[in-house]
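Please load the model in a viewer and keep the selection panel open. The tour below proceeds from one selection to the next and states what is found at each stop.

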Amino acid sequence: MRRLLALALGTVALLTACTSQSKQPATDNNTPKPGTLRVLASSELSDMTPVFDRVRKDTGITIRPTYMGTLDAVDLLAKGKVDGQYDALWLSSNDYLRLRPDAAKKVVSETSIMSSPVAIGVKTATVRTLGWTPDKVTWSQIEQAVQDGRLTYGMTDPARSNSGFSTLISVASALSGAQSALTDADVTKATPRLKEFFKGQKLTSGSSGWLATAYERRGNVDALLNYESVLKGIPGLTVIRPSDGVVTADYPLTSLASTDTTTRENVRRVTTDLRTDALQKLITTRTHRRPVVTSVPPASGLDTSRRRELPFPGSRSVADGLLDSYENKLRRPSRTVYVLDTSGSMEGDRLSRLKKALSDLTGDFRQREEVTLMPFGSAVKSVRTHVVSPSDPQAGLNAIRKDTKALSADGATAIYTSLEKAYEHLGTGGDTFTSIVLMTDGENTTGAKAKEFDGFYGQLPTAQRDIPVFPILFGDSDEAELQHIADLTGGRLFDAQQGSLDGAFEEIRGYQ
């Protein structure tokens with residue numbers, strides 16, 4: 001079943017070129033350079049550019065970040081793939097890293113730079129409707145509002161985003177009543193309430209940025225769960241730190257055992273600069289994170305009342321078990337149509353790569369998930385739907401692999417006609433996370449034109465217009481054409497021209 005925390009991100013090259021919106025430095029730019037720190041950093045630190053610029057001015061040291069999900073980064077570290085590739089680690093938290101001895105032995109020191117707690121940002125009108133007093137709201141009240149059908153929300157995928165992972169732990173800890181490190185018994189105790197809680201999740205995402213964009217576009221979700229710093233940047237939200245406790249990210253800048261003394265000294269100099277009053281003030285005013293130096297107050301608008309820190313899982317098995325439960329039992333199931341270009345230009349190596357990527361992806365499909373394969377050339381060739389049943393998941397997965405193996409290449413490229421068929425197949429989606437993945441190696445050459453598809457999409461009911469298309473750049477596909485489809489449908493473009501097709505499919509999983 002699901003490859004928890006082993007997210008198929010086996011090489012640095014793969015990790016550095018998955019999406020058009022987060023293209024990272026190419027591998028040849030990752031070579032060591034005097035006066036430059038190559039930092040493997042949590043993706044939300046992309047808002048720190050003004051701070052990095054100030055550090056370079058103060059110290060002469062350039063911070064060159066490569067952004068990645070925190071759990072993915074820990075997995076890479078544990079596999080030894082950070083050694084020699086990066087000079088330091090800067091994750092939102094090292095809590096999960098410490099649960100993995102194979103990763104923990106690769107760090108030598110860490111210093112907290114700033115902090116941000118998990119919070120819920122609720123539309124101000126909804127807060128009034130619920131009759132909440134923001135500084136007194138508890139997780140139990142939030143759960144009750146969901147049960148009563150009065151609150152819906154979005155959050156990032158805990159298996160790929162530390163903000164989602166920290167939110168999951170916060171909710172599990174609070175609803176279980178755990179007083180110390182979260183245990184399997186705590187998770188079991190909280191499961192019935194967690195099921196109710198996650199009925200309110202109507203929006204999922206692999207990144208905080210896309211989550212905020214989708215929230216604003218759809219307008220049908222009452223709240224977002226994320227770090228306080230992220231929520232403070234979204235207009236119209238009342239940011240609430242539940243009064244019964246939160247999990248807080250402390251953003252430690254971390255030295256690696258694989259580096260030399262000069263590199264570690266540079267990390268120390270950068271750390272010292274980041275903890276000066278001037279930099280702490282810049283951080284809190286520009287990013288809404290909280291300073292860790294007591295002489296600097298939090299930015300205006302950050303509530304300074306204290307909150308209990310909720311316990312993190314005591315072992316990796318508990319953390320993985322909680323994630324597995326979320327993916328396969330607690331969250332709404334996914335429903336996805338894979339619209340796959342199998343036109344004549346896919347013949348040979350491209351089709352082989354598609355088959356391998358799809359076959360590998362079956363190890364990541366969740367229980368209860370509905371997967372439809374819709375290969376197309378001059379028209380849709382077939383529509384094959386499979387469900388990964390909890391009672392016999394292998395039957396559904398084997399059927400997907402069998403259909404994938406049978407794909408063949410011929411015909412022209414009818415992108416828009418095939419997308420219309422995908423929308424017709426999905427209907428309004430039901431109580432699922434519904435999406436369309438479009439993989440094509442070329443431009444549209446037959447069938448409906450772009451303007452005709454725009455008109456088709458514009459006439460769909462609102463519920464269907466909320467179904468995003470996630471196009472994948474591959475082969476000779478047209479970036480402008482696919483970006484338009486992503487923008488029109490509220491999706492996101494993924495790039496397998498610079499990276500791998502496997503990596504693009506894998507990254508999209510966070511949005512399904």
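The stops that follow cover nonpolar cores, helix pairs, and selected loop residues.

**Conventions**

The model is predicted, so local features need pLDDT of at least 70 and side-chain atom pairs count only at pLDDT 80 or more, whereas totals for chains, interfaces and linings use all residues. Residues are numbered from 1 along each chain as its sequence is written, and side-chain values use heavy atoms, with hydrogens and water left out. Helices (H or I, at least four residues) and strands (E, at least two) are DSSP runs, numbered from the N terminus.

**Stop 1: the cores**

Select Trp-90, Trp-132, Trp-139, Leu-151, Phe-197, Phe-198 and Leu-274: within the largest nonpolar core, which has 83 residues, these touch the most other members. A nonpolar core here is a set of buried Ala, Val, Leu, Ile, Met, Phe, Trp, Tyr and Cys residues joined through side-chain atoms within 4.5 Å. Buried denotes under 20% relative accessible area, exposed over 50%, and partly exposed the range in between (1.4 Å probe, protein chains only). Helix α8 (residues 162-176) supplies the largest share of this core, 7 residues.

Next, centre the view on Phe-197. Leaving aside neighbours within four places in sequence, Phe-197 is in contact (heavy atoms within 4.5 Å) with Trp-139, Ile-142, Glu-143, Val-146, Tyr-153, Val-171, Leu-175 and Leu-225. Another core, of 40 residues, lies apart from the one just shown; Tyr-338, Leu-373, Ala-409 and Leu-501 are among its members.

**Stop 2: α2 and α13**

Two packed helices are described by the angle between their axes and the distance between the axes. Axes are lines fitted to C-alpha atoms, for helices over the stretch in contact, and angles run from 0 to 180 degrees between N-to-C directions. Select residues 49-59, helix α2, and residues 277-287, helix α13: they pack at about 165°, with axes 10 Å apart. The two helices are therefore roughly antiparallel (angles under 35 degrees count as roughly parallel, over 145 as roughly antiparallel, 65 to 115 as roughly perpendicular and the rest as oblique).

The crossing of α2 and α13 is right-handed; a crossing is left-handed if the near helix is turned anticlockwise from the far one by less than a right angle, and right-handed if clockwise. Display the side chains of Pro-50, Val-51, Arg-54, Val-55 and Asp-58 in α2, which meet Ala-278, Leu-279, Leu-282, Ile-283 and Arg-286 in α13. The residues of this contact comprise 7 nonpolar, no polar and 3 charged. In this classification Ala, Val, Leu, Ile, Met, Phe, Trp, Tyr, Cys and Pro count as nonpolar, Asp, Glu, Lys and Arg as charged, and the others, Gly among them, as polar.

**Stop 3: two positive phi values**

Most residues other than glycine have a negative phi. Select His-288, in the loop between α13 and β12 (290-291); its phi is positive, near 65°. His-288 is partly exposed, with a relative accessible area of 24%. Then move to Arg-368, in the loop between α15 (349-361) and β14, where phi is about 80°. Arg-368 is partly exposed as well, at 27%.

**Stop 4: Ser-378**

Ser-378 is placed in the loop between β14 (370-376) and β15 (384-387). Which residues does Ser-378 contact, leaving aside its neighbours within four places in sequence? They are Gly-411, Ala-412, Ala-414 and Thr-446. A distance label from Ser-378 to Thr-417, 39 residues away in sequence, should read 9.1 Å between C-alpha atoms.

**Stop 5: α17 and its partners**

Select α17 (residues 415-426) with α18 (residues 450-458): their axes come within 9 Å and cross at roughly 15°. That angle makes the pair roughly parallel, and the crossing is left-handed. Tyr-416, Leu-419, Glu-420, Tyr-423 and Glu-424 of α17 make the contact with Ala-450, Glu-452, Phe-453, Phe-456 and Tyr-457 of α18.

Is Phe-456 buried or exposed? At a relative accessible area of 19%, Phe-456 is buried. Its C-alpha atom lies 7.5 Å from that of Glu-420.

Finally, add helix α20 (residues 479-489), which packs against α17 at about 25° with axes 13 Å apart. This crossing is right-handed. Ile-415, Tyr-416, Leu-419 and Tyr-423 in α17 meet Glu-481, Ile-485 and Thr-489 in α20.
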